[in-house]
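This report walks through selected local features of one protein model. Please keep the sequence and the 3D view open while reading.

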Amino acid sequence: MSAAPWTSSRQAARSRPYSRPATARSTRGTPASKAASPHGFLTSPERLTRPLLRRGGRLEPVGWEEALGHVARGLRAALADGGPDAVAAISSARATNEENYLVQKFMRTVIGTNNVDNCSRLCHSPSAAGLTASFGLSGGTDGFDDVERSDCLLVVGANPVEAHPVVGARLLRSVLRGAGLVVADPRAVGLAEHADVHLRPRPGTNVALFHGLAHVLLAEGLTDEEFLRERATGLDRLTELLADYPPDRVADITGVPAADLVAAARLYGEAECPAIVYGLGVTEHLHGTDGVRSLANLAILRGAVGTGRGHGVNPLRGQNNVQGASDMGALPDLLPGYGRVVDPTARARAEAVWGVPVPERPGLRIPEMFAAARTGELRALWVIGEDVCATDPDANEVAAALDACPLVVCSELFLSETARRADVVLPVASWLEKDGTFVNFDRRFQRVRPAVPPPGEARSDFDVVHAVASAMGAGLGCPTPAAALAECGRLAPVFAGVSHDRLDREGAVPWPCRDPGRPGETKLYQDRFATVDGRAHLSAAPYLPPGEHPDDDYPLILVTGRRWAHYNSGSMTRRGANIVLDPVDLLDLHPDDAHRYAVRDGEPVTLESRHGRARLVARIGEQTAPGQVFCSFHFPASGVNRLTSGHADTVTSCPEYKVTAVRVIAS
């Protein structure tokens, strides 16, 4: 098969200089548009500086003693009415490791429940489940410095140029230096214009696409037979499954031309040292965990994980501490270091450190918390640093859950949509005002130190959790963030070698790091995989369709994601200079669809789904394919997450943000 068409396209793309909006700043040659004014929100007049308490339907400023007293009485009432499982907490991927550790410890030792979760439930919980099932640990397999040196990059379901601009720029530099590049993404954005092959699958067909690539690797002898024989399991079942995924059938399912599929598989399969980098376009699906595992199959087939012949499989996280929040045990079924709450050995290790029993039954996941609130089973919910009314799916149902819950406590920087529905709002410090650590997407612990004091009476989440525990008549130990990380290391051996003192001396340290006298492991699985049998596990999950499909009433597929200038719900970036750079919520649609539905560029439109409606501004272009539309969720007032469905990954409950059937109505 001739490779000329895609090679010439690549050469043409690389002859063009990389461009970005002229107003974006750069750091050491990397675009940092999201950090164009990183401190702008700090001095915003909208920052919360005093606790707020709901009285007579209104939130009014009060002192900390009164606010904490109200929280403590509400928690006691919930415990009296429904027991420990009537209380739940949503911890934060924007909080430090030490704060997340303290939140989950508070819930397990003071309240007595495993009802604690964090926003990785809504983005990368399929990564944790899929990577653990395939390899044994929930983090990416390699450090990013190694990934950057790969001779072929497979970038899947991610637009790092906009969503992770420093990572995107470093990947682009690798490509411009000669690394091969395959991009799999429905949209023609970011790195796609520089790709050797750009695969544009229909949203929701990832598993079929990955099986098609694996089929070609096997059919053309591009696998590592020795690695598969000695270090992997499941090849026979996978081979049998892949017989049903030849390129022509995969083309019918995904819309990706068979020739492009073969070209991409060859580029990845013939590389000496390939790497896979992926984002939320893989995870936020009805079968997101299957997607992660099917993608991991490619690295296993190539022997490109745990060896010098490749740099594995590496997820790009959605917020600054998504990895760390889960590492610290802010999950309903996992303790710090990923010990399972159903495992007596893991519980015993935690009980030996904490001195109290740990509940045996896994707690509620975030969607289950909202469902329990709507039925009256959940009596108190503490939401820390997440605007769930803006970022969670089917936002109308989320709002109904908060309205039904007798006590909602919200720890926030601003009066978010969630805070407006709370009974108590606690003003907290931002990352620039905290002491502690974060864990980067490639498992590196990094220090955070306060650059400025928090405004007014705002406190760090660490101090707030201690204060709530004290108001409940309980103590948590761990008087400082350094002490909390040290205690976590005693409980979770994979973190035992990490400490504030070491990070202050040495800089970033990756986990696993089991001994303070030894380095952490940047590259995982060099001796054996962390599975029970020490082998990598190939997955033979069949392709299954997404939860929603276009029809005559809702003929378009909506994909949601991030824009270059904003971050997550936009609560910080909309309060700084970035709002000038990107002031409105846009709906990207193809010219054919714009013509079909009489939509004009720059004009307001209404977008409707089976679940709700949103108001956006049309932007017509060919970044999206016909039949597909794209928008962000950075502007809660637009109501984008009122559109998204309740469909979620069957393994982890991660919402299916990437496939929603919609219709567009011109204004």
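Arg443 sits in the loop between β16 and β17. The model is predicted. Arg443 has a phi near 75 degrees, a positive value in a residue other than glycine. Its relative accessible area is 0%, so Arg443 counts as buried.

Ala598 also has a positive phi in a non-glycine residue, near 55 degrees. The loop that holds Ala598 runs between α25 (591–596) and β22 (604–609). With a relative accessible area of 58%, Ala598 is exposed.

**The sheet around β16 and β17**

The two strands that flank Arg443 belong to an open sheet of 3 strands, ordered β16-β17-β18 and paired in the antiparallel sense. β16 (436–439) and β18 (509–510) are the edge strands; each has a single partner, so one side of each lacks a neighbour in the sheet. Helix α3 packs on this sheet and touches β16 and β17. The direction of α3 makes about 95 degrees with that of β16. Between β16 and β17 (residues 444–448) there are 4 bridges, and the strands run antiparallel. Within this pair, Thr437 stands opposite Arg447 of β17.

Beyond β18 comes a loop that leads to β19 (536–537), and Pro512 lies in it. The peptide bond between Trp511 and Pro512 is cis, with omega at about 0 degrees.

**Helix α3**

Helix α3 covers residues 97–111, 15 residues in total. From first C-alpha to last, α3 reaches 20 Å, close to the 21 Å expected at 1.5 Å a residue. Is α3 enclosed by the rest of the structure or open? It is largely enclosed, because 14 of its 15 residues are buried. Directly after α3, Gly112 adopts a positive phi of about 95 degrees.

**Nonpolar cores**

The largest nonpolar core holds 119 residues. Leu75, Phe106 and Phe135 have the most contacts inside it. Helix α8 (residues 206–219) gives the most to this core, with 8 residues. Leaving aside residues up to four places away in sequence, Leu75 touches Val87, Phe106, Ile111, Ala380, Leu407, Val468 and Met472. There is also a second, separate core of 23 residues. Among its members are Met369, Ala372, Val388 and Ala401.

**Strand β24**

Strand β24 spans residues 628–632, and 5 of its 5 residues are buried. Gln628, Phe630 and Ser632 point one way from the strand, while Val629 and Cys631 point the other way. Both sets are buried.

In general, strands of a sheet pair through backbone hydrogen bonds, in either the parallel or the antiparallel sense. β24 pairs with β20 (residues 556–561) in the parallel sense, over 5 bridges. It pairs with β21 (residues 586–589) in the antiparallel sense, over 2 bridges. Which residue of β24 is the bridge partner of Val559? The partner is Phe630. Asp588 also stands opposite Phe630.

**Cysteines**

How many disulfides does the model have? The count comes to 0, with a sulfur-to-sulfur cut-off of 2.5 Å. Cys410 is in no disulfide; the nearest cysteine sulfur belongs to Cys389 and is 8.9 Å away. Cys410 has 0% relative accessibility, so it counts as buried. Cys405, at 5% relative accessibility, is buried as well.

**Arg50**

Arg50 lies in the loop between β2 (30–31) and β3 (52–55). Its relative accessible area is 38%, so Arg50 is partly exposed. Arg50 and Val62 are 12 residues apart in sequence, and their C-alpha atoms are 6.8 Å apart in space. Beyond residues up to four places away in sequence, Arg50 touches Pro61, Val62, Gly63, Val425, Pro427 and Glu457.

**Accessibility of single residues**

The table gathers the relative accessible areas quoted above.

| Residue | Relative accessible area | Class |
|---|---|---|
| Arg443 | 0% | buried |
| Cys410 | 0% | buried |
| Cys405 | 5% | buried |
| Arg50 | 38% | partly exposed |
| Ala598 | 58% | exposed |

Definitions and conventions:
Residues numbered from 1 in each chain as written. Predicted model: local features only at pLDDT ≥ 70, side-chain atom pairs only at ≥ 80, totals over all residues. Heavy atoms only, no water. Buried < 20%, exposed > 50% of the residue type's maximum accessible area, 1.4 Å probe, protein only. Pairing = 2+ DSSP bridges. Expected span 1.5 Å × (residues − 1). Contact = heavy atoms within 4.5 Å. Axes fitted to C-alpha atoms, helices over the stretch in contact; angles between N-to-C directions. Core = buried A, V, L, I, M, F, W, Y, C linked by side-chain atoms within 4.5 Å.
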